[in-house]
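User: Please take a close look at one chain of this assembly, covering how it meets its neighbours and how a pair of its helices packs together.

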Amino acid sequence: MVQFINSLFNGISLSSIILLTSLGLAITFGLMRVINMAHGEFLMIGAYMTYVVQQFFIHYLPESVGDLYYIAAIPFAFGVTYLLGSLLERFVISHLYGREIDSLLATWGISLILQQAARNIFGTQGVNVTAPSFLNGGVTIGKCTFSWNRLFIILMVAVCMFFIWIIMYRSNFGKQMRAVMQNRTMAQCMGINSRKVDNITFSIGSGLAGIAGCSVALLGSIDSTVGQNYIVNSFMAVVLGGVGKLLGTVLGSTIIGSASIFTENYTSSTIAKAIVLLIVILFLQKRPQGLFVIKSRSLDE
Amino acid sequence: MKSLKKKGPDICFAMIAAVLACAPLMLNAGILNSSSIVLFLGKCIAFAIVAIGIDLIWGYTGILSLGHGLYFALGGYCMAMYLKLQETGGGITDFMHIGGMTELPLVWRPFNYFPVALILIIAVPGTVAYLIGYFIFRNRVKGVYFSIISQALTWAGYSIFIALSPYTNGNVGITEIKTILGSIKGEAHKQAMFELFYISLAILIVVYAAARFLTSGKFGCLLVAIRDGENRTYFSGYKVSAYKNFIYVVSAVTAGIAGAVFVNFNGSITPSQMTISYSIAMVIWVAIGGRGTIIGAVIGAFLINLCEYNLSSGSMVEIWQYIIGAAFCITILFFKGGIVGIITEQIPAVAEKLKNRKKKTKEA
Amino acid sequence: MAVNDVALEINNISVCFDGFYALTDVRTRVMRNTVHFFIGPNGAGKTTLLDIICARTKPTAGTVIFHPKNREPVRLTGMKEYKIVNEGVGRKFQVPSVFVNLSVEENMILALKGHKGIFDSIFRKTTKEELECIHNTLKRVSLDGKSGERAGSLAHGEKQWLEIAMQLVSKPEIIMLDEPAAGMGKPETFKTGEILKEIKKDCTIIVIEHDMDFVKQAADIVTVLHEGKFLMEGNVNEVLADKTVQAVYLGRGGEHDA
């Protein structure tokens, strides 16, 4: 029972990281039909930014505020990845609208460049951040211990999700975004600047990956390949959950995250990967078009 | 002019093959100074073979597989297991010993026999690809969804091969193996190395010819038809899922053969050959060479690997990652046809424009 | 009427998209060697009906039975689309969908009847008779001069012709045409009508069309659909004279006669 609750807890915290990364992927795919393979590298950048902020606090600020570095790192990581995302969209992604497979490949080229840049700047050895002291330890209920940093991650993701929900469904910008997603040409005719909508959406998605990077930094060492470890699962969550609907992404991420933690606990991480893949393939047997249905009078898009 | 366009790729391939065939002679004549270049060209031949396979499904059929490293490695492991057993004389290997085994595991036993090993080099990747393809294509999963699943497949395969360390030697892979013709190291075995090189070249030529045959007739038209309008092809009465699965298996088998060739020249095989980035590297060769033309895949594989071989030593190794990343990105963004496309379409188009402009200025 | 004169039976077809009934209990019969038109205002369910016949959409209820010449009847509902095509029921889609990167001739070769297996595609050579047939069909639609051109470079109207030609060369027993005259001028539309009248000797033709002149020219039987329901059926004059049809469709049909 204790093990079960612990797995559940770890599953939820992994799911929430996957959720943050897959959300950006799903929204950009739904909006622009673009898959961003460099998304994992935004996560990596977010993690490195946490490290940079920590170094800054250690070297230039009094020790008494040292613990606050993490609070500062979150907006900083978001800002940096948001800007990088905006640049990437402006110079690369905007040439790739509708070319799903090509977008996947071109962004892989970007990902190679970003990984090498990370190696050049931060070295090939992994770096570590020390979790702020207020995240040390955890709460113990009965025989189960819930560590503060995982609880914090879950909380942070919940807050992010809340903001995204507000932006998507309760703001003027969200209305425009959903309009472009459903019918780009029509939205443009209504006077929506779809270029701007695309750019902001893509940047927000990248920023979310940056925040995910902050949370990853709490869990282990950071190196240039840290993004790759999470991104495959995030892609699978997108396949499972479909695009354009928040709920789909939440469900997809939860299934992928919990499935991998549970199988990992009872077997091994190797079999977990195989089982997650199997789940997705089986799911596609049942609902191959359940992801999104294109209704159009032309045969092939 | 028209016949040149039709024959051009074959002539180009014949030239590449001829240059390759001269490489051992050049080594003998002292023009090439190190036998490692010939070994490297042998690896390039393997890369060209797998590139042809990727071009068949991506360039022609429009299915992007990010998991061909898996099939490449499966073929490679089959070959390596046979070669390793040649070394141990059928006994158990060091890593099995360390893994706690006392006798040869069942999966290794067939690899004692050369013909069986050869069959398995084709059968193992083929079967895996058939099963995966069957379940995915049957439900018309396509586009990026297929790519993502193929990526996850490689990922799972990679970690399984590492986890099964008593059978596969985990991270280290199967190392210190000779070739099917025995040792090729050193001056004494130069002849064996040349023979191996020519055998590989012959395999490349056969694979090239087969790919040209497949893509030239009605079948080739169908592949393009599936790429451009999958549903339309269904409504023309073709069972597209079967076609896709067939070409996927063909492509996986090609990758397996390439892996087997590669092992002979590389002397080892490791799970790093089945990572996602290794798989996408193969796609990069095809993209830069020119997708949708078999010759483009061959050119891309040789060109990129030769560049990498010459550049990625010393301080250049870091810059190489930037170069290849940027080149790939720019190719996809602006030169869809890769090098072949630039030669056959973009340059003539620019030339035409210049001609017209000259005419206009003259008229003015 | 003898049963063996029926080419296609549409029995009580209903289809429901998320609670919305696109078709409700539609039943009709298509007679062999006739040109059978389906007309109706936008949203009447005409295209959905064709989608069901060729298995692009699954019906919620009902069956479609195909009666081939000299063979046992075949139930089309529940079959895969490529099998339906091979049974001899072909369809041209509303938006022209030819294979843009193949030449006109290659498009036609892919459309030829039979030999759709992988082995045949790889090893079988297209015979002289087949090439001749392709050539003749292209001549009929005045595309014979363009057989080497990329299909993507054809004009919109020419793509329509090519798609019709691809249907013809596949020698189906039933051809379904979804707005064949869309994007064609008057003379071409007239020519299409003449071709339809000519080929109905060998097969059965189902057409969806808004152009009433075209309907008058070519139709043997007209079925009117309205809001997913069967409204009436008869020859052109009967249908045009009907009060309800005039009210729901023709009265505001002027806009379609572009």
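Analyst: What follows describes chain B, taking its two contacts with other chains before a pair of its own helices. The model is a predicted one.

Toward chain A, 37 residues of chain B are in contact with 33 residues of the partner. On the chain B side, α5 (114-137), α6 (144-163), α10, α12 (276-289) and α14 (316-334) each supply at least two residues, and the largest share, 13 residues, comes from α6(B). By class, this side of chain B that touches chain A has 24 nonpolar, 9 polar and 4 charged residues.

The contact between chain B and chain C takes 19 residues from chain B and 20 residues from chain C. Here α9 (218-228), α10 (230-234) and α11 (240-266) of chain B each supply at least two residues of the side that touches chain C, with the largest share, 7 residues, coming from α9(B). The residues of that side divide into 12 nonpolar, 3 polar and 4 charged.

Within chain B, the axes of helix α2 (residues 35-60) and helix α13 (residues 294-311) come within 8 Å and cross at roughly 140 degrees, which makes α2(B) oblique to α13(B). The crossing of these two helices, α2(B) and α13(B), is right-handed. Among the residues that make the contact are F40(B), C44(B), F47(B) and D55(B) of α2(B), together with G296(B), G300(B), F302(B), N305(B) and Y309(B) of α13(B). Taken by class, the contact of α2(B) with α13(B) has 14 nonpolar, 3 polar and 1 charged residues.

Methods. Residues numbered from 1 in each chain as written. Chains lettered and ligands numbered in written order. Predicted model: local features only at pLDDT ≥ 70, side-chain atom pairs only at ≥ 80, totals over all residues. Contact = placed C-beta atoms within 7 Å. Helix = DSSP H or I, 4+ residues; strand = E, 2+ residues; numbered from the N terminus. Nonpolar A, V, L, I, M, F, W, Y, C, P; charged D, E, K, R; others polar. Axes fitted to C-alpha atoms, helices over the stretch in contact; angles between N-to-C directions. Parallel < 35°, antiparallel > 145°, perpendicular 65-115°, else oblique. Left-handed = near helix turned anticlockwise from the far one by under 90°.
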